[in-house]
2 protein chains.
Amino acid sequence: MNIGDAAQLSGLPAKTIRYYEDIGLIEPLRSANGYRSFRESDLHKLTFLGRARSLGFTIDDCRTLLTLYRDRSRASADVKHVAQDHLACIDRKIVELTEMRRTLSHLVEACAGDDRPDCPILADLAAVAPGQSCVRQSN
Amino acid sequence: MNIGDAAQLSGLPAKTIRYYEDIGLIEPLRSANGYRSFRESDLHKLTFLGRARSLGFTIDDCRTLLTLYRDRSRASADVKHVAQDHLACIDRKIVELTEMRRTLSHLVEACAGDDRPDCPILADLAAVAPGQSCVRQSN
DNA sequence: ACTTGACCTTCCTATGACTGGAAGCATAAG
DNA sequence: CTTATGCTTCCAGTCATAGGAAGGTCAAGT
């Protein structure tokens, strides 16, 4: 199976598949003409990687997860640990984004959005002491 | 005022301030010895940038916002538009992360996390058809 | 005058996870 | 024989910095 088919079936761009080979995540064989030749096991790994990446795991996490996947004597605790760390990371990002969202939506609501120059958004950006918000809300 | 003081007062690393000059966000003067010399207006811009960045605006957004800030004849609608676009971007990210979080937390909960190799997390990563989740939940 | 240490300068490299594109070989169809 | 598609490698770019090397400047202390 050539890279085009592997891309089609795994849902990953060919570029990405080559990159994954570059960094040692997969090791497809080579045909006589130099083309990469993907086995079922390679395809399997690629879909595994695609799924893991879509859940936000880093490439490094993926490497670990692939290794655990191949290791029949793994402890599920090791897998769980990786997933829990990632989950905590996601939670931190959500908190950060939610905080941004809260502040920004207040500012957007307060802005008239007309032809006049007065703008509470710019006022906030400009007037704030480092690290301090001047947006005062009743809640 | 040298870059160290500007960094202290703006809360930005000196490295970042030099970078901002590189990409044309600020234009501090130079002293006879070649050191950057920051005016009040430069410092003002730096805190503006720090605040905008902390709200997640891209550097490109910051450039636009700085221009609008300087422009006394701006329309607040233009500022609001930039902020609303960014808000929509944040919302998309939150949705994406929340979806990841949901799936991942189900998997983590389902994993025993003990010495045995059986692991629903790996099972999900391995068994899924591209783009499809096999985690079935009652909700 | 000399040294130490803190501060400043520029320049180059690295990050993460790709993406785009150029130059060139392989293969299949018409 | 040409054309078109697919494959190869290699190099550069993305975003917003961070790290570090090599060297100039300045104020204080001996």
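Colleague: Which of the 19 residues around DNA strand D come nearest?

Modeller: In this predicted model, Arg36(A), Lys15(B), Tyr19(B), Tyr20(B) and Arg53(B) come nearest to DNA strand D. Of the strand D atoms that come within 4 Å of the protein, sugar and phosphate account for 64%.

Colleague: What makes the approach of Tyr35(A) to a base nitrogen of DNA strand D a polar contact?

Modeller: An N or O atom in the side chain of Tyr35(A) is 2.9 Å from a base nitrogen of DNA strand D. A polar contact requires a pair of N or O atoms within 3.5 Å, so this pair qualifies. Two backbone approaches to the phosphates of strand D can be judged in that way. A backbone N or O atom of Gly4(A) lies 2.9 Å from a phosphate oxygen, and a polar backbone atom of Ile59(B) is 3.3 Å from a phosphate oxygen.

Colleague: Which elements give two or more residues to the surface near DNA strand D?

Modeller: They are helix H1 (3-10) and H2 of chain A, together with H2 of chain B. H2(B) gives the most, with four residues. By residue class, this surface divides into seven nonpolar, six polar and six charged.

Colleague: Which residues come nearest to DNA strand C?

Modeller: Of the 19 residues around DNA strand C, these are Lys15(A), Tyr20(A), Arg53(A), Gly4(B) and Arg36(B). Sugar or phosphate supplies 69% of the strand C atoms within 4 Å of the protein, and bases supply the rest.

Colleague: How do you know that side chains make polar contacts with the phosphates of DNA strand C?

Modeller: The distances to phosphate oxygens of strand C are 2.9 Å for a polar side-chain atom of Thr16(A), 2.7 Å for a side-chain N or O atom of Tyr20(A) and 3.2 Å for a side-chain N or O atom of Arg30(B). Each pair is within 3.5 Å and therefore counts as a polar contact. Helix H2 (14-22) of chain A and helices H1 (3-10) and H2 (14-22) of chain B each give two or more residues to the surface near strand C. The largest share, four residues, comes from H2(A).

Colleague: Why are the two copies said to be related as by a two-fold rotation axis?

Modeller: Chain B can be laid on chain A with an RMSD of 0.1 Å by a turn of 180° and a shift of 0.0 Å along the axis. The copies are therefore related as by a two-fold rotation axis. In chain B, the C-alpha nearest that axis belongs to Ile94(B), at 3.0 Å.

Colleague: How do you know that the copies meet through the same surface?

Modeller: Of the interface residues of chain B, 100% are also interface residues in chain A, so the copies meet through the same surface. The contact involves 55 residues of chain B and 55 residues of chain A. Between them the chains bury about 4600 Å², with 72% of it on carbon and sulfur atoms. On the chain B side, Arg51(B), Leu122(B) and Leu125(B) lose the most area to chain A, together 15% of what that side buries.

Colleague: Why is Ser105(B) called buried?

Modeller: Its relative accessible area is 9%. Buried means under 20%, so Ser105(B) is buried. Ser105(B) lies in helix H5 (residues 76-110) of chain B, and its side chain reaches the backbone oxygen of Arg102(B) at 3.0 Å.

How values were computed: Residues are numbered from 1 along each chain as its sequence is written. Chains are lettered from A and ligands numbered from 1 in the order in which they are written. This is a predicted model: local features need pLDDT of at least 70, side-chain atom pairs count only at pLDDT 80 or more; totals for chains, interfaces and linings use all residues. Side-chain values use heavy atoms; hydrogens and water are left out. A residue is near a molecule or strand if one of its heavy atoms lies within 4 Å of it. A polar contact is a pair of N or O atoms within 3.5 Å; within protein, one must be able to donate a hydrogen and the other to accept it, and residues adjacent in sequence count only if both atoms are side-chain atoms. Copies are superposed by least squares on the C-alpha atoms of residues with pLDDT of at least 70 in both. Contact means heavy atoms within 4.5 Å. Buried means under 20% relative accessible area, exposed over 50%, partly exposed in between (1.4 Å probe, protein chains only). Buried area is the accessible area (1.4 Å probe) that two parts lose on being put together, summed over both. Ala, Val, Leu, Ile, Met, Phe, Trp, Tyr, Cys and Pro count as nonpolar, Asp, Glu, Lys and Arg as charged, and the others, Gly among them, as polar.
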